[in-house]
Amino acid sequence: MLKRMKQLEQERDVLYQGLEAVERARDWYRQEIECVLKKMPYFSQTGAIFEYSTDAYQERQNFQMSRIFEVNQHIAALTESTEKEFPSHMHLTLCQPATFSRMQRDSTQSTIKKLKEQNKMLTQEVSKKSEYITRLEREKSSLIRELFQAKTQHHQEVDYTAFI
């Protein structure tokens with residue numbers, strides 16, 4: 001009976017810790033929502049979003065969204081679980097609810113899809129930049145050629161007038 005009481009006390013302590021973590025998370029979510037809501041009117045009025053900052057922001061947002069999604073999955077798996085889903089004779093770390101596995105698979109597929117889209121965009125951007133560099137190199141070669149031709153013509157004119 002003493003051992004069971006100690007287990008219950010440990011469970012209570014862990015639940016209190018979880019409740020504190022959820023309260024901190026709730027505050028964080030509210031602050032983030034507030035921040036986003038404050039930014040929305042500014043961007044809708046000015047429409048001034050610089051490309052480099054949106055790419056960096058998108059990277060940060062993708063990272064943050066994947067972490068939030070993962071935390072939400074863990075919370076959903078925890079709140080949807082019942083004692084029936086976790087047989088007492090099994091090691092709990094080996095047992096995962098079917099919904100969690102499905103959520104994990106969906107999350108992985110979503111992440112893969114986002115990464116493929118991002119990879120496609122980056123590949124297109126690299127291709128455009130490469131084409132731009134090639135064009136600039138051609139222009140540079142053309143300008144160097146013109147410069148040498150101009151110098152050659154100038155030297156020929158100087159040499160011709162020197163002999164006259």
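Helices are DSSP runs of H or I with at least four residues, and strands are runs of E with at least two, numbered from the N terminus. With that in hand, let's look at this predicted model, where local features need pLDDT of at least 70, side-chain atom pairs count only at pLDDT 80 or more, and totals for chains, interfaces and linings use all residues. Residues are numbered from 1 along each chain as its sequence is written, and side-chain values use heavy atoms, with hydrogens and water left out.

**The overall chain**
- The protein chain has 3 helices and 0 strands, so its pattern along the sequence reads α-α-α.
- Just 7% of the chain's 164 residues count as buried (under 20% relative accessible area; exposed is over 50%, and partly exposed is in between, with a 1.4 Å probe and protein chains only).
- About 15,100 Å² of the protein chain is exposed, and 59% of that comes from carbon and sulfur atoms (areas come from the Shrake-Rupley method with a 1.4 Å probe; for residues, only the protein chains shown count as cover).

**The second largest pocket**
- A pocket is an open set of points on a 1 Å grid over the protein atoms alone, where a 1.4 Å probe fits and protein lies on both sides within 12 Å along at least five of seven lines.
- This one holds about 460 Å³ of space (the space filled by probe spheres set on the points, which are joined across faces, edges and corners).
- Its lining has 16 residues, with D55, Q118, M121, L122 and E125 nearest the centre; a lining residue has an atom within 4 Å of a point.
- Helix 3 (98-163) and helix 2 (51-80) each supply at least two lining residues, and helix 3 gives the most, with 9.

**Salt bridges**
- The structure holds 2 salt bridges (a side-chain nitrogen of Lys or Arg within 4 Å of a carboxyl oxygen of Asp or Glu).
- One joins the side chains of R12 and D13, at 3.2 Å from N to O.
- R12 counts as partly exposed because its relative accessibility is 43%, and D13 does too, at 36%.
- E34 pairs with K38, their closest N and O atoms being 4.0 Å apart.
- Both sit in helix 1, 4 residues apart, or about one turn of the helix.
- K38 is exposed because its relative accessible area is 62%, while E34 is partly exposed at 47%.
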